[in-house]
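Please open the model in a viewer and keep the sequence panel visible. The tour below proceeds by selection, one stop after another.

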Amino acid sequence: MVETTYLQAITDAMREELQRDSRVFLLGEDIGIYGGAFKVTKGLIEEFGEERVMDTPISEAAIIGVAVGAALTGMRPIAEMQFADFITSGFSQLVTNAATLHYRYGTAVPMVVRAPSGGGIHGGAFHSKNPEAWFVHQPGLKVVAPATARDAKGLLKSAVRDDNPVLFFENKFLYRRIKEEIDPAAEILVPLGVANTVRRGDTVAIITYGAMVHASLEAATELAAEGIESEILDLRSLQPLDVDAILQAVARTNRVVIVHEANLTCGMGGEIAALISEHAFELLDAPIKRVAGLDTPTPYAPVMEEYWRPNAEKIAQAAREVARF
Amino acid sequence: MCAINADISPELKVKLYTIMLKTRRTEERIIALYRQGRIVGGVYAGRGVEGTTVGAGLALEAQDWLFPIHRDLGAHLAKGQSVLNILLQYLGRGTSLSRGKDSGIHCSDPRLNIVGNVSHLGHMIPVAVGTAIGMRMQGHAIVTLNFIGEGGSNIGDFHEGLNFAAVQKAPFVLVIENNQYAYSTPTHKGFSARHLSDRADGYGIPGHHIDGTDALQVYATVKEAIERARAGAGPSLIECLSFRMVGHSAHDDAFYVDKKQMKAYEKKDPIARLEHLLLKEGVLDAPALAAIDGAIAQEIEEATRTALESPLPEADWAAEGLYAE
């Protein structure tokens, strides 16, 4: 077993897939000799060469578009957005090209776009974004957002082997903050579309993903001291979404808080609340609460960013209100 | 011109002429079916640009990739697509290439390495570059040919895609069909460069500005660029000047087009030009020309009958095929 950070787990996943399958290659800005802005691709150009670890111009539309084209020929590209925020510059390549090709012509587009997302690092409005809901809204894409090192590794390896375009929202707040023991010899594959219950409890279900899994666990410790036992469901995958796991968590607790770092309006929380309302309305003992980022750009100054971002305290407060309803 | 003419065999001239005429006759049938209310979606004719679309399309080898745009029926037919498949697609039949899911000329055909366009025309350029790179990575000596209009050449993905191709020395050829109108917008409102091919200098690649109504010149220039790309010398940009002799689409009477300019270009009709040459050189005589037209008419008649008799898709196919399994 090796103590592995969330970041190292992503690097290991790419190395293993590059070794396993000659069709896999990486492309992105500064991913070669520099090893990527966050050093996620460090060492890979030395091992696999500059054709398979391709430094590109600052051209997000071309990076994603070239990945789509290469995927059409049978390659399995992993494109890196330097920050998830910059994915807007390649938006049409995802929603117009990647997402529609199989529906229109039955042609597979096996590609991954890695997008370091999330705030808490004082990145301001353009280095903190959580844009996952835009892409969940576009039929034809798959979207994952791992919260742990093991899931980051296992979901990325599954994403590379999937025959569809997968957006991999890795949370950069977690890169070096979390680590766990991983057996480097074990083949870790986490299937897309399967949520994970990371804490059992019967008072309230906290449904979340990404960095907010950790804030929710922190809140749960606080709540347990007050006699409120939280069940925490880490969705891991947003498209496909594990609706059964969501409904089971509702059935066990009858009270729900949905947490995401992305801003509130038209976020994943709205969709999950609608699904619960449609399929499990009679199981609810309290209104569903959502804890999310403010509906503004992410502010820079730490005091404002902390106010903007969901945290354990805000999650605990919402859970108390739901528990006492 | 004389040198080009001498290099092109009589058989190839006849082939160019036949496919150009078949393109025009097929479009005439498509417009008739549209006026009858049988084709319900948009119809974008390439009258006047056949010299470019067929001339360039025939320069490809069977294994090469083609990315045509909405006015490029000639390129589809030159690459080997059947009139029947085109009509099935326009008529939204269940047996069409997209099984009724996509409209008109957006025809992809994996068997022929044709990727049909999305309506955001310039957004195909990075994808086309990606196929060129993807095939090269797999060791194939394949070239991708992509068309764009002078209007579409102003979108950002044109720059990103062509720059990426140039940096990567991708086996890629981009043909700009400058037909002088982007919907209703004349060229002087679209760009201020002397020629669009001058942009090639900015990418460090060869640029050519040629007469797009001369199918022989188009064929020879594109052929040379394709073989240069195949040999590993990188991409080329070829601007073919022609004139759109119809409205943007079948609902547009082109009232805004300069009538004098239209008159002048009628004398440069690419089909009439080549017909004149074939007669002058004695390659074909009047009865031979009539026989070609007759054979085309019969093929279109049979294809129309078959297409109209072909089944419509089932309504619930709308929910199928979003993801590759």
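Select residues 144-149 and 172-178 of chain B. These are strands β2 and β3, which pair in the parallel sense over 6 bridges. Within this pair, display B:Phe147; its bridge partner in β3(B) is B:Val175. The model is a predicted one.

Next, extend the selection to the whole sheet. It is open and holds 5 strands of chain B in the order β1-β2-β3-β7-β6, with parallel pairing. At its edges stand β1 (65-67) and β6 (207-211) of chain B, each of which pairs on one side only. Viewed across the sheet, neighbouring strands are turned by 20° against each other on average, direction being ignored.

Two helices of chain B that pack on this sheet may now be added. Helix α3 of chain B, residues 50-57, touches β1, β2, β3 and β7 (236-241) of chain B. The direction of α3(B) makes about 165° with that of β3(B). Helix α6 of chain B, residues 124-137, touches β1, β2 and β3 of chain B, and its direction makes about 170° with that of β2(B).

Keep α6(B) selected and show chain A. Here 32 residues of chain B are in contact with 32 residues of chain A. On the chain B side, the elements that give two or more residues are α6 and α7 (156-168). The most comes from α6(B), with 10 residues. Colouring this side of chain B by class gives 16 nonpolar, 12 polar and 4 charged residues.

Turn now to the interior. The largest nonpolar core has 194 residues, and those with the most contacts inside it are A:Val257, A:Ala319 and B:Val173. Select residues 60-72 of chain A to see helix α3 of that chain, which gives the most to this core, with 10 residues. Because domain 1 (2-182) and domain 2 (196-324) of chain A both give residues to the core, it lies between them.

Centre the view on A:Ala319. Which residues does A:Ala319 touch, leaving aside those up to four places away in sequence? They are A:Val204, A:Ile206, A:Ala219, A:Leu223, A:Ile228, A:Ser230 and A:Val257.

For the last stop, select B:Asn5, which lies in helix α1 of chain B, residues 2-7. Is B:Asn5 buried or partly exposed? B:Asn5 counts as partly exposed because it has 14 C-beta neighbours inside 10 Å. A distance drawn from B:Asn5 to B:Ala319, C-alpha to C-alpha, spans 52 Å, with 314 residues separating the two in sequence.

How values were computed
Residues numbered from 1 in each chain as written. Chains lettered and ligands numbered in written order. Predicted model: local features only at pLDDT ≥ 70, side-chain atom pairs only at ≥ 80, totals over all residues. Core = buried A, V, L, I, M, F, W, Y, C linked by C-beta atoms within 7 Å. Buried ≥ 20, exposed ≤ 12 C-beta atoms within 10 Å, placed from the backbone. Helix = DSSP H or I, 4+ residues; strand = E, 2+ residues; numbered from the N terminus. Domains from an automatic or database assignment. Contact = placed C-beta atoms within 7 Å. Pairing = 2+ DSSP bridges. Axes fitted to C-alpha atoms, helices over the stretch in contact; angles between N-to-C directions. Nonpolar A, V, L, I, M, F, W, Y, C, P; charged D, E, K, R; others polar.
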